Amino acid sequence: MRRDAEARVAELRAQITHHDERYYVHDDPEIPDAEYDKLMLELRALETEYPDLITSESPTQHVSGAPNDAFGEVIHKVPMLSLDNAFSEEDVRGFERRIHERLSVEGELAYWAEPKLDGLAVTVIYRDGKLAQAATRGDGAKGEDVTANVQKVHGVPPKLRGKAPEVLEVRGEVFMPLKGFERMNRIAREKGEKVFVNPRNAAAGSLRVLDASITARRPLQLFFYGLGVVAGGVVPERQSALLKALEDWGLPICPDAKLVRGVEGVLAYYRDMGARRSSLPYQIDGVVYKLDSRADQERLGFVSRAPRWAIAHKFPAEEALTVVKGIEFQVGRTGALTPVARLEPVFVSGVTVSNVTLHNIGEVHRKDVRVGDTVVVRRAGDVIPEIPSVVLERRPEGTHEVELPARCPVCGSEVLQVEGEAVARCTGGFTCRAQRQEAIGHFAGRRAMDIEGLGDKLIEQLVERDLVKSPADIYSLTLVQLCGLERMAEKSAANLMQAIEKSKSTTLPRLLFALGIREVGEATALALAQNFGSLDALLDATVERIQQVPDIGPIVAAHVAAFVASPEHRAVIKRLREQGVTWPDVVVPTAASGDDNLLGQTVVVTGTLESMTREEAQEALVALGAKVSKSVSKKTSFVVVGAEPGSKAQKAEELGVRMLDEKEFVALLGKKRNAGAQ
Ligand code: 9MJ
């Protein structure tokens, strides 16, 4: 047993030392922080069980990060420590219990709670109010001189305001706000330069550069949160007051920190920040609690590498490692082949992830993801999981680069990738079952024909059994056919028949959108409807005429022209008509209709209408060429006000925007519709 432990301890120390070097020296870690934390936890557990195995060189006993020789060396007079981690509520309760025991106090204590920024710790010395020196944490005892770089960080004052101590050493975290990180990576990607895997590495890699003009061009920020040496003056006794003093001297501090009471207070803060985490402008990996009384902080002191009076309460990991079991290609509505990585299921950020989309073949090659690879899986907030990188060091022997299949995995048709386009497509069109299924799902969707109850599972069966080959087939389905489907009771079949019947009466913009013409979304469908007025006019249009529609460029125009020219699609439209699908024509402005039409007018509908739902009112307006908006502004042409209107009517009143009641509105609709029919 002991033998095993000894060997494992040596192995863990070697691994941790390797990962420390990747993280602290090269700013280029191989594994997510949570994986590193696991190694550290295991080492700590073994050292607790076998205390005689502890040596002063163990990574548990010191702060990692040997300084890089290229920078000048700075000795920290007050060591720069790291923080102990809490991963559960129990850990936090243990932390607070130990504080009470050591201080022999009862009752609630006050804590300063702040976000734990994911960046690079630095210390900055102000002498006589002027920025004199800045350094990285390094190994905690000595760091790198980054004075020139820190001077270039946005918001770091060269001089302090007011009367600060003669020597004031302040500590904080340099980080890169998310917006800046995304912008910087986008530019780097466009130029074909190296992109950073996360904001922390981007911050570290932007600060630890010998040419400070590079730092100046990077969107860095610094929040201060603590002290080093102080001489020739006093600072407040409480952590909360200290932060206020730093702010008064002009130093940037985190706006999301606050004073809380007792263990319930810190846990409430944790939950609150957890909920806000994905909407914060910067990346955090947890929160930090610090005892508010600095006199008590001093009484508690430190253990090995961390203070006893502070703890970092980590959030669930947003990144984890797993293995790619396969890479498959899914076929979408327009035939686009999307590579999807099938993963060994892994728990990240509160959910189990087993599939991750890789968007297109170019992305697979850029990241060089292969079957058998160990990859980082990332899921931030409610965002769709992604694979930011591959752990190349763990690639097994004999892997192959992923190749684009020559034939569609669903129908066997040829796959084509147009030069200069990221997406490869199956050329099977409606003969491809996958495309058919997706096209019918789109057609039935809420924003298209809105056939309630016709979901993916049902469509899958209908297509599989060849009951529906094109959208028009939906309208010849019978009750008997529907009842024969799996998990379909008579009642739901009858409801579905009703929903199908109801969808027959639609609008031209909805129909155009539902047809699934490539590149034609709702806005383009509306523009086409408003410009051509009727489907027949569009069916007769040339590509040049289509391109005259505002906001429609040559590519979209070519897709629309190809669609209306295709005999297959014309047949579908003919059959839709034969089955009783109808849509009124849309009023097209003419010189004669002048001011009398609604084209281009912006209308808001508010309150409850008696003769129609708000959605119906909005659709009627759109069919007449109006733009429907959700909020009232000076640009609003008029507001339709139903019963019990809210603040929108009030706003219209204030702005002097014209208001119509339901009667006036119905009269207006009648007049316009008649005008359109002439
Ligand atoms: C971060 N990373 O945001 C500390 N930290 O305090 C905050 N780090 C810290 N405090 C003492 N907010 C050592 C490190």
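**Note on the predicted model: sheets, a helix pair and two buried polar side chains**

1. Helix α8, spanning residues 239-248, lies across strands β7 and β8, and its direction runs at about 110° to that of β8. The model under review is a predicted one, and the points below should be read with that in mind.

2. The sheet to which these strands belong is open and has four strands in the order β5-β4-β7-β8, paired in the antiparallel sense. Its edges are formed by β5 (130-136) and β8 (221-231), each of which pairs on one side only. From one strand to the next, the twist averages 25°. A further helix, α6 (residues 199-207), packs on this sheet and touches β4 and β7 (167-175), its direction making about 40° with that of β4.

3. Within that sheet, the pairing of β4 (residues 120-127) with β5 is antiparallel and extends over six bridges. As a point of register that can be checked on the model, valine 122 has threonine 136 in β5 as its bridge partner.

4. A second open sheet, again of four strands, has the order β22-β21-β23-β24, and here the pairing is parallel. Strands β22 (627-628) and β24 (658-660) stand at the edges with a single partner strand each, so one side of each is left without a neighbour in the sheet. Helix α22 (residues 614-623) packs on the sheet, where it touches β21, β22 and β23, and its direction makes about 165° with that of β21. As general background, strands of a sheet pair through backbone hydrogen bonds, in either the parallel or the antiparallel sense.

5. Strand β23 deserves a paragraph of its own. Over residues 638-641 it pairs with β21 (residues 602-606) in the parallel sense, through four bridges, and three bridges join β23 to β24, these two strands also running parallel. Phenylalanine 638 is the bridge partner of valine 603, and phenylalanine 638 also has arginine 658 in β24 as a bridge partner. Valine 641 of β23, for its part, stands opposite threonine 606. As for the side chains, Phe638 and Val640 point one way from β23 while Val639 and Val641 point the other way, and all of these residues are buried.

6. Turning to the start of the chain, helix α1 (residues 2-25) and helix α2 (residues 33-49) pack at an angle of about 145°, with their axes 10 Å apart, and their crossing is left-handed. On the α1 side the contact is made by Ala5, Arg8, Val9, Leu12, Arg13, Gln15, Ile16, His19, Asp20 and Tyr23, and on the α2 side by Asp33, Tyr36, Leu39, Met40, Glu42, Leu43, Leu46 and Glu47. Sorted by class, the contact of α1 with α2 has 10 nonpolar, two polar and six charged residues.

7. Is arginine 13 buried or exposed? This residue lies in helix α1, and its relative accessible area is 16%, under the 20% cut-off, so arginine 13 counts as buried. Its side chain is joined to that of serine 58 by a polar contact of 3.4 Å. When neighbours within four places in sequence are left aside, arginine 13 is in contact with Leu43, Glu47, Leu53, Ile54, Thr55, Ser58 and Pro59.

8. Glutamine 283, found in the loop between α9 (262-276) and β10 (284-291), is likewise buried, with a relative accessible area of 14%. Which side chain makes a polar contact with the side chain of glutamine 283? The partner is aspartate 118, at 3.2 Å. Apart from its neighbours within four places in sequence, glutamine 283 is in contact with Lys116, Leu117, Asp118, Leu178, Pro199 and Arg378. Of these, proline 199 is 84 residues away in sequence, yet the C-alpha atoms of proline 199 and glutamine 283 are 7.2 Å apart in space.

9. For the chain as a whole, there are 24 helices and 24 strands, and the C-alpha atoms fill a box of roughly 90 × 70 × 50 Å along the principal axes. Buried residues make up 50% of the 678 residues. Among contacts between residues at least 6 apart in sequence, 67% join residues that are at least 24 apart, and the contact of glutamine 283 with proline 199, residues that are 84 apart in sequence, can serve as an example to look at on the model.

Conventions. Residues are numbered from 1 along each chain as its sequence is written. This is a predicted model: local features need pLDDT of at least 70, side-chain atom pairs count only at pLDDT 80 or more; totals for chains, interfaces and linings use all residues. Side-chain values use heavy atoms; hydrogens and water are left out. Two strands pair if DSSP finds at least two bridges between them. Contact means heavy atoms within 4.5 Å. Axes are lines fitted to C-alpha atoms, for helices over the stretch in contact, and angles run from 0 to 180 degrees between N-to-C directions. A crossing is left-handed if the near helix is turned anticlockwise from the far one by less than a right angle, and right-handed if clockwise. Ala, Val, Leu, Ile, Met, Phe, Trp, Tyr, Cys and Pro count as nonpolar, Asp, Glu, Lys and Arg as charged, and the others, Gly among them, as polar. Buried means under 20% relative accessible area, exposed over 50%, partly exposed in between (1.4 Å probe, protein chains only). A polar contact is a pair of N or O atoms within 3.5 Å; within protein, one must be able to donate a hydrogen and the other to accept it, and residues adjacent in sequence count only if both atoms are side-chain atoms.
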